[in-house]
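Biologist: Could you take me through one part of this model, close up? I'd like to hear how the strands there pair up and what packs against them.

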Amino acid sequence: MRGPPCIDMGRCEACHALTWVDVRPALQDRNSVALPLATLDGQSASLRTLRVLKRFEFDPALTRSGVIARDKSVNGALLFVRGAPHKVVGLVKGGALPSDFDQVVLEYAGQSFRLLALAAGTLRRVTAERLASMSQQEAEAECGHMDLLALIVLSNSAHSASRPAITSLQERGGIRTMMITGDYQHTAIAVARGVGMIAMDSQVVIMEAESERAGSASASAPVAQYTPPLPKPGSALQHPGQKTVSSSCQHLMFTLDRGGVCEEVDPHTAITSIAQGSMRCCVTGPALQHILQKADAPLVEAVMRSLVVCARMRSHQKAQVMDLLGRTGLYLSPDSGNKHAQPHYMPGLGVRCMYCGDGINDLAALASAEAGMAVGAGHASAAACLADSHPSIQGVVPMLREARATQAVKMAAIKYMVVYELFISVAVNVLWSVKGIRFSVPQRSMIDVIAITMGIVATFKPAAEELTKERPPQQLSRHQNRALVVVGVVVVSAMFWATTSFLKHQAWFSESTGDTADEIAATVIWLVALNSAALPMATSANDTRIFCSKYSKLELILILANTTFGVLCSLLGPSWFDALNVFHFHHLPWAFLWRLYLLICTFLVLYVIALQSVKKVFDWCERHLQNRVLPV
């Protein structure tokens with residue numbers, strides 16, 4: 001359907017033709033109800049205005065709302081109920097329901113339309129006092145069977161930015177996406193296919209409760225939860241057997257969705273396919289409540305691992321899905337019929353979950369997820385740690401890129417400081433072992449200033465333009481970092497050993513004595529220490545190259561200035577700045593100097609090669625271990 005929301009009963013048998021009526025002027029007063037009267041072909045429809053006596057706001061437990069109005073031509077009051085079709089149908093008398101009603105609902109739901117059913121009944125002999133204290137369920141019971149008035153078909157198209165965001169998250173970021181909604185299951189699956197969350201040619205197993213097919217008007221009580229201290233989750237996936245399927249899948253129905261074509265499927269086949277990961281799963285709120293009450297941990301874990309759509313979910317059930325996917329897990333209350341049963345703990349999968357929502361019914365899930373992001377200007381920001389003013393999920397991808405870049409830069413900055421201090425300690429010890437002297441305060445301060453400036457500049461990196469499947473490290477104390485530190489210390493120690501050996505073989509150094517020899521040794525070791533600041537910078541660049549952009553111009557200028565400063569300090573002898581030479585540098589021959597820098601550059605290249613080799617070895621080990629674990 002195109003254009004404004006429409007009321008479409010022309011598709012159903014035994015219903016009048018589709019009629020367009022402009023009711024906006026009559027709807028300006030919320031205390032009145034405007035009803036279009038039946039018309040003949042080509043004639044304008046007229047309106048009848050009813051006075052509202054009582055409203056029943058939308059109840060998530062009933063998934064419907066209602067209103068009681070008065071009409072002078074009717075003896076008594078009229079009750080109008082609007083809500084989910086499967087709930088309203090349970091209130092309609094059998095003969096008033098078109099024979100192809102279920103087929104029309106399934107067809108529209110498969111096209112990602114949102115459906116609402118409208119029914120009406122008469123309240124007779126109800127006093128004003130009784131009406132004031134009456135609930136919606138009591139009013140529905142007083143009416144008895146009601147008449148179906150219309151099927152409201154609303155456009156439920158996804159935001160244009162949703163599909164690119166989902167594609168970037170799944171294909172580039174390697175992130176599993178899932179839809180959790182209160183909509184009808186076929187509508188949710190159609191929307192998920194439209195945004196690329198589900199492939200158009202893939203098959204989805206729909207798990208729903210028998211009560212949903214029966215159109216029951218009453219909702220069973222939600223699964224209660226306890227909050228005692230949580231044990232460490234970590235259960236292994238088990239494939240449910242025939243006994244598990246027969247006991248846990250009672251009162252459940254399984255449907256195979258083939259992209260709009262649905263067919264019934266055997267429970268054992270469906271559960272086996274879900275557990276093996278060959279098919280994705282869609283579970284409804286009543287079905288989730290049923291399997292949680294059965295407390296079948298292997299079945300729940302198999303469903304959570306293949307889950308792609310959660311439909312007809314209440315607010316607390318969205319939070320339960322977050323707990324089952326995350327590391328918190330879920331404590332379930334025992335069956336009310338068994339007085340000796342103990343609360344059962346359902347472990348979580350241990351997945352890092354992020355939930356995006358925009359409404360009040362998303363507050364519980366936003367609070368339960370490890371990271372909650374409120375989209376739009378709704379009430380969801382009250383429970384979310386992140387907020388985006390855009391009314392779509394287009395801000396998720398930039399936020400993840402910035403978050404990963406920030407985490408990578410933070411860990412790289414800490415490693416930079418650790419590696420720099422280790423390298424300076426090696427330089428101080430080498431100078432002491434060669435000549436028994438130490439760096440002067442100005443010499444050490446200049447190294448610190450240059451190294452800190454390079455470290456600060458290295459942190460000013462924007463996030464990468466594309467999301468990647470790599471994850472930044474969450475812990476600094478890892479085997480890979482320990483190996484990198486050991487490799488760095490070995491390379492730097494070898495560089496200082498080679499430098500001092502090269503210096504000792506110089507004839508002009510062997511002939512020098514006293515303060516002159518000390519100044520020469522201090523100048524050479526200071527140059528090596530100054531240029532070794534590029535080693536932790538290379539470590540930082542290696543850690544952030546995936547999550548951040550490449551080298552900035554400021555970094556390249558700083559490295560060039562650092563090298564130029566070191567060359568000038570070693571070339572300018574005492575005759576140039578005797579009064580300003582607070583560093584006590586000594587003039588070094590040019591032939592020695594360029595060979596010294598060639599030696600330093602050689603060890604810098606060896607250090608980078610060692611970094612890449614260590615990283616590849618540990619990455620291979622991680623992939624080898626992950627292949628033995630079923631991915632989530």
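Modeller: Let's start with E16 and strand E17 (residues 371-375), which pair in the parallel sense over 4 bridges. If you want a spot to look at, find tyrosine 355: it stands opposite glycine 372 in E17. Keep in mind that this is a predicted model. Zooming out a little, the open sheet has 3 strands in the order E16-E17-E18, with parallel pairing. Strand E16 (354-357) and strand E18 (386-388) are the edge strands, each pairing on one side only. From one strand to the next, the twist averages 20°.

Now for the helix on top of that. Helix H14 (residues 396-435) lies across E16, E17 and E18, and runs at about 145° to E16. H14 also has a helix partner, helix H19 (residues 534-544): their axes come within 9 Å and cross at roughly 160°. An angle over 145 degrees counts as roughly antiparallel, so H14 and H19 are roughly antiparallel to each other. Their crossing is right-handed. On the H14 side, the contact is made by Ala408, Val409, Ala412, Lys415, Tyr416, Val419, Tyr420 and Phe423. H19 brings Leu535, Pro536, Met537, Thr539, Ser540, Asp543 and Thr544 to that contact. Sorted by character, the residues of the contact of H14 with H19 come out as 10 nonpolar, 3 polar and 2 charged.

How values were computed: Residues are numbered from 1 along each chain as its sequence is written. This is a predicted model: local features need pLDDT of at least 70, side-chain atom pairs count only at pLDDT 80 or more; totals for chains, interfaces and linings use all residues. Side-chain values use heavy atoms; hydrogens and water are left out. Two strands pair if DSSP finds at least two bridges between them. Helices (H or I, at least four residues) and strands (E, at least two) are DSSP runs, numbered from the N terminus. Axes are lines fitted to C-alpha atoms, for helices over the stretch in contact, and angles run from 0 to 180 degrees between N-to-C directions. Contact means heavy atoms within 4.5 Å. Angles under 35 degrees count as roughly parallel, over 145 as roughly antiparallel, 65 to 115 as roughly perpendicular and the rest as oblique. A crossing is left-handed if the near helix is turned anticlockwise from the far one by less than a right angle, and right-handed if clockwise. Ala, Val, Leu, Ile, Met, Phe, Trp, Tyr, Cys and Pro count as nonpolar, Asp, Glu, Lys and Arg as charged, and the others, Gly among them, as polar.
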